Amino acid sequence: MPLIEARGLGVRRGGHDILRAVNFRILPGEIVTVLGPNGSGKSTLIRALIGLEPGSSGEVTRKPGLRMGYVPQRLHVDAALPMTVRRFLSLPRRVSDAAAAEALGRTGVAGLEKRQVSALSGGQLQRVLLARALLSSPEILILDEPTQGLDQPGEAAFYKLLEEVRAATGTAVLMVSHDLHVVMRASDRVICLNGHVCCEGTPEIVSAAPEYRALFGMGMGGALALYRHMHDHDHVHDGCEHDHDHHHHEGADA
Amino acid sequence: MPDAFLIHAALAGIGLMLAAGPLGAFVVWRRMAYMGDATAHAALLGAALALLADLPIALGTALVALAIASLVTVLSSRDRAADTILGVLAHSALAIGLVAISFAPQVRSDLSTFLFGDILTVSIADLAWIWGGAAIVLGLLAWRWNALLTATVNEELAQAAGLDPRRERFVLTVALALVVAVAIKVVGALLISAMLIVPAAAARSFARTPEGMALIAVLIGCASVLAGLWGSFIYDTPAGPSIVTAAAAAFAFSLAKGRRAR
């Protein structure tokens with residue numbers, strides 16, 4: 001039985017379709033990554049799956065009583081709010097000192113309990129957020145661009161940590177990313193999104209798919225693939241090539 | 001032994017601060033200062049309407065403050081850049097309140113009571129109202145404390161944990177309206193938000209956790225009440241403003257302390 005399933009999900013905001021006809025499911029223990037350029041609706045999809053955003057068509061079903069651990073894209077703790085890491089881990093449910101210490105140890109930031117959340121580095125904060133999510137013993141961890149603001153080694157270490165957590169706890173992992181290479185190795189399944197699902201499959205299948213290459217512009221080869229792709233589909237506007245016009249350089253550099 | 005009116009005044013101020021300390025911390029954390037202003041100024045309108053309709057003043061202030069606070073909550077949650085609207089509302093509420101009061105001739109004479117409070121004439125009945133209101137606010141905040149705090153840190157985090165941030169906002173709205181209705185007698189409509197913000201802001205430098213900040217805000221607030229009343233007695237200055245002045249001095253001191261700690 002899937003933990004979360006979406007059928008024909010559409011989200012419309014301000015007269016624009018952010019998502020159209022998205023079918024999605026995630027099974028227990030799976031690591032699924034949603035890839036897509038900026039503005040492709042990745043965060044909206046995650047928010048709709050969690051229930052933070054109402055869909056305008058289709059339906060989202062979650063396993064009854066599903067325990068979700070959510071790691072938001074950013075967490076800004078206002079300097080006016082004093083908050084130690086230890087106190088933060090007890091939001092919204094109090095946890096024991098031992099459980100808090102164990103969670104921090106598991107995410108590689110043992111001993112940070114007395115530090116102020118607002119004074120943590122980007123990498124420390126991500127690990128503290130993950131530790132907090134793990135404290136609810138989630139069946140699924142949901143992470144929205146968890147490595148934003150981390151450097152390359154930090155990113156690789158964070159994905160490795162996610163795999164370790166999955167191996168140790170059996171939790172499913174659903175994450176959103178706009179970077180390609182590092183994240184794909186850690187995933188069982190990858191979904192390319194650009195308003196709708198462009199392609200889906202194992203990392204190997206997806207990285208060879210023309211839709212994926214079109215979406216992210218693979219240098220000259222990518223441009224050629226795009227050309228062929230558009231040529232093949234030039235009367236079908238499926239949205240996957242759209243991004244290429246605007247973000248070609250950014251995609252090629254990624 | 002100080003006079004009874006001074007003891008009543010001290011008890012009124014301390015009762016108010018028991019609720020205003022923790023609530024003020026939320027006002028500071030959530031940057032609701034304008035909302036505090038709008039609600040406090042609406043209390044004046046509420047008092048005027050209550051007088052005109054021959055209803056108890058406390059009831060009128062509580063109801064109108066609740067209405068304005070709800071309106072502000074809706075406006076500010078719909079649009080994060082609602083700063084201007086809040087400013088308009090806060091000052092319009094004050095102006096309309098002043099206009100409305102001019103239709104109630106029996107109050108015109110002691111308008112300053114409503115603007116600056118009259119803590120030195122607090123009666124036993126007033127004390128019961130102040131402590132009762134403060135107890136309700138404290139109970140409300142204690143009941144929702146962890147949920148309120150989670151929603152204050154990050155609304156999405158709260159939602160993903162199954163909480164409803166809108167409900168938590170409403171809890172704060174009700175608490176704010178109650179504190180305003182309680183405080184109008186103590187410090188008056190113009191200085192209510194000072195009693196919320198200044199002790200909490202002063203507490204920030206000394207606190208490491210949210211609970212610590214709320215508690216220190218209560219202590220600083222109570223000390224300000226006593227110091228302000230003492231100053232008012234010795235130098236014959238108005239009591240409400242003297243209390244706020246004492247709190248402002250505590251804030252200035254905390255800034256110096258905070259800079260040294262850093």
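This briefing walks through some helix contacts, ring pairs and individual residues in chains A and B. Keep in mind that the model is predicted. Chain A brings together 10 helices and nine strands, and 53% of its 254 residues count as buried. In chain B, the picks are two helix crossings that share H10(B), a cluster of aromatic rings, and two residues with their neighbours.

**Chain A: the overall picture**

- If you look at contacts in chain A with a separation of 6 or more, 68% of them come from residues 24 or more positions apart.
- Helix H1 of chain A runs over residues 42-50 and is mostly covered, with seven of its nine residues buried.
- The buried ones in H1(A) are Lys42(A), Thr44(A), Leu45(A), Ile46(A), Ala48(A), Leu49(A) and Ile50(A).
- Right after H1(A) comes Gly51(A), which has a positive phi, near 100°.

**Chain A: Glu30(A) in its loop**

- Glu30(A) sits in the loop that joins strand S2 (16-26) to strand S3 (31-35) of chain A.
- Is Glu30(A) buried or exposed? Its relative accessible area is 14%, under the 20% cut-off, so Glu30(A) counts as buried.
- Setting aside residues up to four places away in sequence, Glu30(A) touches Arg25(A), Arg166(A), Ala172(A), Val173(A), Asp188(A) and Arg189(A).

**Chain B: H10(B) against H11(B)**

- Two packed helices are described by the angle between their axes and the distance between the axes.
- For helix H10 (residues 192-204) and helix H11 (residues 210-235) of chain B, the axes come within 8 Å and cross at roughly 120°.
- Why do H10(B) and H11(B) count as oblique? Roughly perpendicular covers 65 to 115 degrees and roughly antiparallel starts over 145, so a crossing of roughly 120° falls in the oblique class.
- The crossing of H10(B) and H11(B) is right-handed.
- On the H10(B) side, the contact uses Met195(B), Pro199(B), Ala200(B), Ala202(B), Ala203(B) and Arg204(B). H11(B) brings Met213(B), Ile216(B), Ala217(B), Ile220(B), Gly221(B) and Val225(B).
- Sorted by class, the contact of H10(B) with H11(B) has 10 nonpolar residues, one polar and one charged.

**Chain B: H10(B) against H1(B)**

- H10(B) also meets H1(B): their axes come within 7 Å and cross at roughly 75°.
- That angle lies between 65 and 115 degrees, so H1(B) and H10(B) are roughly perpendicular to each other.
- H1(B) supplies Met17(B), Ala20(B), Leu23(B), Gly24(B), Ala25(B), Val27(B) and Val28(B). From H10(B), the partners are Met195(B), Leu196(B), Ile197(B), Pro199(B), Ala200(B) and Ala201(B).
- By class, the contact of H1(B) with H10(B) splits into 12 nonpolar, one polar and no charged residues.

**Aromatic rings**

- How many aromatic pairs turn up in a search of the whole structure? Over all chains, there are three.
- Phe26(B) and Trp145(B) have ring centres 5.2 Å apart and planes at 75°, so this pair is edge-to-face.
- Phe26(B) belongs to helix H1 (residues 4-29) and Trp145(B) to helix H7 (residues 124-153) of chain B, so the pair ties together parts that are 119 residues apart in sequence.
- Both partners are tucked away: Phe26(B) is buried at 0% relative accessible area, and Trp145(B) is buried at 13%.
- Another edge-to-face pair is Trp230(B) with Tyr235(B), at 6.5 Å centre to centre and 85° between the planes.
- Here the partners are exposed, Trp230(B) with a relative accessible area of 55% and Tyr235(B) with 59%.
- Ring pairs also join Phe26(B), Trp29(B) and Trp145(B) into a cluster.

**Two buried residues in chain B**

- Leu140(B) is part of helix H7 of chain B, and with 19% relative accessibility it counts as buried.
- Beyond its neighbours within four places in sequence, Leu140(B) contacts Val171(B), Val174(B) and Ala175(B).
- Leu140(B) and Leu172(B) are 32 residues apart along the chain, with 8.8 Å between their C-alpha atoms.
- Ala239(B) lies in helix H12 (residues 239-261) of chain B, and at 10% relative accessibility it counts as buried.
- Leaving out neighbours within four places, Ala239(B) is in contact with Ile119(B), Leu120(B), Leu229(B) and Ser232(B).
- Ala239(B) and Ala95(B), 144 residues apart in sequence, are 24 Å apart from C-alpha to C-alpha.

Key:
Residues numbered from 1 in each chain as written. Chains lettered and ligands numbered in written order. Predicted model: local features only at pLDDT ≥ 70, side-chain atom pairs only at ≥ 80, totals over all residues. Heavy atoms only, no water. Axes fitted to C-alpha atoms, helices over the stretch in contact; angles between N-to-C directions. Helix = DSSP H or I, 4+ residues; strand = E, 2+ residues; numbered from the N terminus. Parallel < 35°, antiparallel > 145°, perpendicular 65-115°, else oblique. Left-handed = near helix turned anticlockwise from the far one by under 90°. Contact = heavy atoms within 4.5 Å. Nonpolar A, V, L, I, M, F, W, Y, C, P; charged D, E, K, R; others polar. Phe/Tyr/Trp six-rings, centres within 6.5 Å; stacked < 30°, edge-to-face > 60°. Buried < 20%, exposed > 50% of the residue type's maximum accessible area, 1.4 Å probe, protein only.
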